[in-house]
Amino acid sequence: GAPTWQPGKLIDYDKGIYIGSVEREVPSLNQIPKRYRRKLTKEQHEWSITEVIRRVLALKPWEDIDDVLNHWVGRFNRKNFPVLIKEITKTGALEHSVRVFTWMKNQRLYRARNDIYNDMIRLHSRHHRVDKARGLFYEMQKWRCKPDVETYDALINAHGRVGQWQWATNIFDDMLRAGVPPSQSSYNNLINACGSSGQWKEALKACKRMIDNGVGPDLVTHNIMLSALKNGGQYGKA
């Protein structure tokens with residue numbers, strides 16, 4: 001079911017987690033620059049980001065989500081955009097998030113940011129939409145956003161989720177060529193991508209690369225290596 005909303009908080013009872021919400025200042029109507037205020041023809045509301053998301057999620061993805069967003073005064077503060085995307089992608093609502101992101105890119109005050117693209121790539125990854133995730137990776141660069149370690153991690157994870165360990169390895173190598181230092185999470189995602197695809201030897205290679213490059217394995221590394229060896233039938237090595 002859809003996450004349950006309460007004043008000031010969002011709780012997903014399906015997963016038993018508190019999602020919460022982070023608010024940015026929503027400008028009042030009087031604070032909107034005159035050049036924008038003159039063009040307003042619709043009634044405007046000083047909704048919080050939490051309220052905006054509640055109204056968006058109350059609609060079907062094909063309904064007029066843009067109309068809700070165009071009634072929101074908060075769109076005149078560009079700092080609200082990354083928070084809006086972060087909060088709506090947390091709900092897992094893919095089609096609603098895509099609609100909001102599409103609307104956002106058409107706003108005059110919008111500025112492309114890595115964290116916005118990273119959140120969208122992670123969301124597509126959760127839904128196994130690898131081609132869409134990779135498309136966003138290329139799109140962000142057209143908007144002059146340079147992929148960072150979180151971007152590469154999200155994309156490696158996306159390919160790992162669908163068993164495309166070779167793609168995951170290629171993206172990891174692309175990250176190195178781009179001069180982006182891999183994190184512990186980067187290596188763990190790569191090891192998991194190989195291991196979950198039955199490629200336990202490749203998982204071991206990735207683990208060795210991790211150690212050779214001075215990135216210490218953690219408990220997550222240990223667990224995914226055990227899973228990789230068991231998936232490959234290497235019970236003796238596990």
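Here are three short exercises on the predicted model shown above.

**Exercise 1: Confidence**

Find the mean pLDDT of the protein chain, then look for a stretch where the pLDDT is below 50.

*Solution.* Start with the whole chain: its mean pLDDT is 85, and 79% of the residues reach 70 or more. Next, turn to residues 1–22, where the pLDDT is below 50. In the model, this stretch has 36 contacts beyond near neighbours in sequence.

**Exercise 2: A walk along helix α8**

Describe the length, the two ends and the packing of helix α8 (residues 149–161).

*Solution.* Step one is length. The 13 residues of α8 reach 18 Å from the first C-alpha to the last, close to the 18 Å expected at 1.5 Å a residue.

Step two is the ends. At the start of α8, a side-chain oxygen of Asp-148 comes to within 3.2 Å of the backbone nitrogen of Glu-150. Just after the helix, Gly-163 has a positive phi of about 80°.

Step three is packing. The buried residues of α8 include Tyr-152, Leu-155, Ile-156 and His-159. As partners, the buried residues of this helix have α6 (114–126), α7 (130–142), α9 (165–177) and α10 (184–196).

**Exercise 3: One threonine**

Is Thr-89 buried or exposed? Which residues is Thr-89 in contact with, leaving aside neighbours within four places in sequence?

*Solution.* First, place the residue: Thr-89 lies in helix α4 (residues 80–90). Then apply the cut-off: buried means under 20% relative accessible area. Thr-89 is at 5% relative accessibility, so Thr-89 counts as buried. Finally, list the contacts: with those neighbours set aside, Thr-89 touches Ser-97, Asp-119, Met-120, Leu-123 and Arg-126.

Conventions
Residues are numbered from 1 along each chain as its sequence is written. Side-chain values use heavy atoms; hydrogens and water are left out. Helices (H or I, at least four residues) and strands (E, at least two) are DSSP runs, numbered from the N terminus. The expected span of a helix is 1.5 Å times one less than its number of residues. Buried means under 20% relative accessible area, exposed over 50%, partly exposed in between (1.4 Å probe, protein chains only). Contact means heavy atoms within 4.5 Å. A polar contact is a pair of N or O atoms within 3.5 Å; within protein, one must be able to donate a hydrogen and the other to accept it, and residues adjacent in sequence count only if both atoms are side-chain atoms. pLDDT is the predictor's confidence in each residue, from 0 to 100.
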